[in-house]
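Here are my notes on this model, as numbered points. Please read them with the structure open.

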Amino acid sequence: MITLYHCAAARSFRVLWTLEEMGLSYDLKMLPFPPRIFAKEYKALNPLGTIPLMLDGETRMTESAAICYYLVTRYGPSPLAVGSEEPDYGAFLNWLHFGEATLTFPQTLVYRYTALEPPERRNPQVVEDYSKWFLARLRGIETAIAGKEFLCGERFTVADVSVCYALLFSQRLNLSKDFGPAVAEYWHRMQRREGFRKAVASEREAGEAQNVPARM
Ligand SMILES: N[C@@H](CCC(=O)N[C@@H](CS)C(=O)NCC(=O)O)C(=O)O
């Protein structure tokens, strides 16, 4: 059984969404955010204190994009992966990592300096600079997705999952108001997927059952 440690709407949502798209069974362990403050015992499991942590037998992983790739290959073959023999293999890997390394990175700074830090440490300059940084990188998606249904491979893949998590996070950060029309339409479409809706319902139900409040 796959075990996923998750905070509502955190990066571990990528993994949860992938699990639901693939129809895999899993045990979802909900934690309050951030676990390093509100679930200090979690550090014994993951000394980084970060979410996600995925356990699958002897396998132990903490990087969301890598876990998505692990799932679609270990439990594949799956159309959610683009194979190395396909023309879009490079594009697939690029978008998969772009979602985390390029898009979520500046968002983390916006989140930290608007919500996570105590009021005296909040920093509007950092927020403004990294909001601009994020929106500039997002322009790459606007061009890539215009006139297309999915980012690559002509089908839904975990590259879409990875990038769409950044779009989900944008809503919380008040950045989604600045989406271009193609990104806005893409994001709207992706949220209508059954796998996305099931993942949202799954985290809500697990949070209620385990009495863990949703992330602020
Ligand atoms: N690169 C990692 C980043 C993991 C990460 O930083 N997760 C955030 C949640 S979205 C976290 O656990 N933050 C906890 C903290 O800041 O203490 C990934 O993609 O999974």
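1. The shell around the ligand mixes classes: five nonpolar, three polar and four charged residues. Keep in mind that this is a predicted model.

2. Who makes up that shell? The residues around the ligand start, in sequence order, with A10 and R11, followed by F33, P34 and R36. Then come T50, I51 and P52. T62, E63, S64 and E100 complete the list. To be counted here, a residue needs a heavy atom within 4 Å of the ligand.

3. Three side chains deserve a look for their polar atoms. R36 places a polar side-chain atom 2.3 Å from an oxygen atom of the ligand. For E63, a polar side-chain atom lies 2.7 Å from a nitrogen atom of the ligand. In the side chain of E100, an N or O atom is 2.9 Å from a ligand nitrogen. On its own, the ligand has 520 Å² of accessible area, and the protein covers 84% of that.

4. Where does the ligand sit? Its place is the largest pocket.

5. One shell residue has a backbone feature to check. P52 is among the residues around the ligand, and the peptide bond leading into P52 from I51 is cis, with omega near 5°. I51 belongs to the ligand shell too. P52 is in the loop that runs between α2 (35-38) and β3 (53-56).

6. A second cis bond joins G76 to P77, again with omega near 5°. P77 lies in a loop as well, between α3 (64-74) and α4 (89-116). Most peptide bonds are trans.

7. Check the backbone at E154 as well. Phi of E154 is near 55°, a positive value, and the residue is not a glycine. Most residues other than glycine have a negative phi. E154 is placed in the loop between α5 (124-145) and α6 (158-172).

8. Now the overall fold. The protein has eight helices and four strands. Read from the N terminus, the order of elements is β-α-β-α-β-β-α-α-α-α-α-α. The radius of gyration is 17 Å, close to the 17 Å that the globule rule gives for 216 residues, so the protein is as compact as a globular protein of that length. Along its principal axes, the C-alpha trace spans about 45 × 45 × 25 Å.

Key
Residues are numbered from 1 along each chain as its sequence is written. This is a predicted model: local features need pLDDT of at least 70, side-chain atom pairs count only at pLDDT 80 or more; totals for chains, interfaces and linings use all residues. Side-chain values use heavy atoms; hydrogens and water are left out. A polar contact is a pair of N or O atoms within 3.5 Å; within protein, one must be able to donate a hydrogen and the other to accept it, and residues adjacent in sequence count only if both atoms are side-chain atoms. Accessible areas come from the Shrake-Rupley method with a 1.4 Å probe; for residues, only the protein chains shown count as cover. On a 1 Å grid over the protein atoms alone, a cavity is a set of points where a 1.4 Å probe fits but cannot get out, and a pocket is an open set with protein on both sides within 12 Å along at least five of seven lines; lining residues have an atom within 4 Å of a point. A molecule sits in a cavity or pocket if more than half of its atoms lie within 2 Å of its grid points. Ala, Val, Leu, Ile, Met, Phe, Trp, Tyr, Cys and Pro count as nonpolar, Asp, Glu, Lys and Arg as charged, and the others, Gly among them, as polar. Helices (H or I, at least four residues) and strands (E, at least two) are DSSP runs, numbered from the N terminus. The radius of gyration is taken over C-alpha atoms; the globule rule is 2.2 Å times the number of residues to the power 0.38.
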